[in-house]
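Could you walk me through this model in my viewer, one selection at a time? I would like to know what to pick next and what I will find there.

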Amino acid sequence: MLVSDDEELVAQCALISLGAAVRISRCASDSPLIHDAEGPVLWGVDAIGPALAGSTRCDVLVGVEAQAQTLWEAASQLPQARVAVLPGASQWLGEYLGLWCMRSGHGHTVALGSRAGGLGTSTLAVLLAHAGTLSGLHSLVVDLDPHSCGLWPRICSQPPSGIGWEELAASGGALASHQLVEALPSVRGTAVLTWSGTPPPGPVDGPLTARLLTAARQGFDLLVLDTGRTPHHEAETIGHFTDRQIMVCDAASIPPHGDYVLRAEHARAPAWAENRSLLGSVAHATSIERAVARGDLLDALRSRRLRQQLADLRLLPAATEDTGLRGAP
């Protein structure tokens, strides 16, 4: 939120927020929106009166070099407020807004990985994201597998319109959350970010991953990340945004540490495996294979048994994990 009537200052702050992939709103000094702002409230030096009176929030005082003395004098009366003298503090202000945005996202993020291919990690990621949609969550599945050939062949035969990793990389990834939500393709209410073509030209780099996840956590309730085989080359970056990291494995490769889901031939896991961090098992199902073969993976969730298995993993946000999934059509 920016409080200022200085058009030049507003324009400078708009450019900084654009570079930080943050959506900034302008309002008047007497606006009630200031008190309900979810993010930082920036005050231009031209409108600082109410903030100095102590009647409203003030996180950052903003002005240009010619106003520096006035800014610092105001800051002496507002010890909790930071000061940004532009253009010198442009980089700092962009980093401040970007860091706030990265940490403030409400989207619950689950990362799925495996030690080997062929265990159904990508399939489980798509199904889990759509299970979130059926539970009333605004869900997104993100293909972060460096060896991916794209998720579309298993999800649907005719991908809907929207951007993929290629277009996102070409744009530099500087998308605000509302722009990302509008730009991503969606199937039956579940948003998908994967490669538009096959094979991908190369793995996604860390800065682009960070910008994408920052915006996605702002715009979605649930993010399911398909990270492919572990260790991922951007594991540290992904870890900053992840609430749960889950390993998908078979009975022969139970991990010694961490939470995991067993890709089992049968619904129940071996008794010896249940003493570790086993969240549950997803049984091999011909219904899933058939759905993938016809390019309609989401149709597999018509199976009540599969919906129950996903619900039992308890990987959806607590407020909604038991609402709608078991009884979804």
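## First stop: strand S9 and its partners

Start by selecting Val-142 and Leu-193: Val-142 stands opposite Leu-193, which is in S9. A word before going on: what you have open is a predicted model.

Now widen the selection to the strands around that pair. Strand S7 covers residues 139-143, and it pairs with S9 in the parallel sense over three bridges. Next, add strand S8, residues 186-187: two bridges join S8 to S9, and these two strands run antiparallel. For a residue to click on here, take Ser-186, which stands opposite Ala-191 in S9. As background, strands of a sheet pair through backbone hydrogen bonds, in either the parallel or the antiparallel sense.

Follow the chain from S8 into S9 and you will trace a hairpin with two residues between the strands. Stop at Arg-188 in the turn, where phi is positive, at about 50°.

Before leaving, colour S9 by burial. Which residues lie on each side of S9? Thr-190 and Val-192 are on one side, Ala-191 and Leu-193 are on the other, and all of them are buried, so both faces of S9 are covered. This fits a general pattern: in a regular strand the side chains alternate between the two faces of the sheet.

## Second stop: the five-stranded sheet

Select S1 to S5 next. The five strands form an open sheet in the order S2-S1-S3-S4-S5, with parallel pairing. At the edges stand strand S2 (26-27) and strand S5 (82-86); each has a single partner strand, so one side of each is left without a neighbour in the sheet.

Zoom in on the S2 edge. Strand S1 (residues 2-3) pairs with S2 in the parallel sense over two bridges, and Leu-2 stands opposite Arg-26 in S2.

Then move to the other edge and show helix H3, residues 68-77. H3 lies across strand S4 (60-64) and S5, and it runs at about 175° to S5.

Keep the view there and pick Gln-80, in the loop between H3 and S5. Is Gln-80 buried or exposed? Gln-80 counts as exposed, because its relative accessibility is 70%. Add Asp-59 and draw a C-alpha to C-alpha distance: Gln-80 and Asp-59 are 7.1 Å apart in space, with their positions 21 residues apart in sequence.

## Third stop: the aromatic pairs

Show the aromatic side chains as sticks. How many aromatic pairs does the structure hold? There are two aromatic pairs. In one of them, the ring centres of Trp-92 and Tyr-96 are 5.2 Å apart and the planes are at 15°, so the pair is stacked. Both residues belong to helix H4 (residues 90-104), and because they are four residues apart, about one helical turn separates Trp-92 and Tyr-96. Trp-92 has 33% relative accessibility and so counts as partly exposed, whereas Tyr-96, at 17%, counts as buried.

Now jump to Trp-165 and Trp-195. Their ring centres are 6.3 Å apart and their planes are at 40°, so this pair is tilted. The pair links distant parts of the chain, with 30 residues from one to the other. Trp-165 is in helix H7 (residues 165-170), and Trp-195 is in the loop between strand S9 (190-193) and helix H9 (206-219). Trp-165 and Trp-195 are both buried.

## Fourth stop: the pocket and the cavity

Switch on a surface. The largest pocket has a volume of about 410 Å³. It is lined by 18 residues, and the closest to its centre are Val-22, Arg-23, Ile-24, Gly-39 and Trp-100. Which elements give two or more residues to the lining of the largest pocket? They are H4 and H9, and H4 gives the most, with three residues.

For the cavity, clip into the model: the structure holds one cavity of 30 Å³ or more. About 60 Å³ of space lies in the largest cavity. Of its 12 lining residues, select Leu-144, Asp-145, Pro-146, Pro-203 and Val-204, which are the closest to its centre.

## Last stop: the whole chain

Zoom out to finish. The secondary structure of the chain comes to 12 helices and 13 strands. Of the 329 residues in the chain, 51% are buried. Among contacts between residues at least 6 apart in sequence, 62% join residues at least 24 apart.

Methods: Residues numbered from 1 in each chain as written. Predicted model: local features only at pLDDT ≥ 70, side-chain atom pairs only at ≥ 80, totals over all residues. Heavy atoms only, no water. Phe/Tyr/Trp six-rings, centres within 6.5 Å; stacked < 30°, edge-to-face > 60°. Buried < 20%, exposed > 50% of the residue type's maximum accessible area, 1.4 Å probe, protein only. Pairing = 2+ DSSP bridges. Contact = heavy atoms within 4.5 Å. Axes fitted to C-alpha atoms, helices over the stretch in contact; angles between N-to-C directions. 1 Å grid on protein atoms, 1.4 Å probe; cavity = no way out; pocket = protein on both sides within 12 Å on 5 of 7 lines; lining within 4 Å. Points joined across faces, edges and corners; volume = space filled by probe spheres on them.
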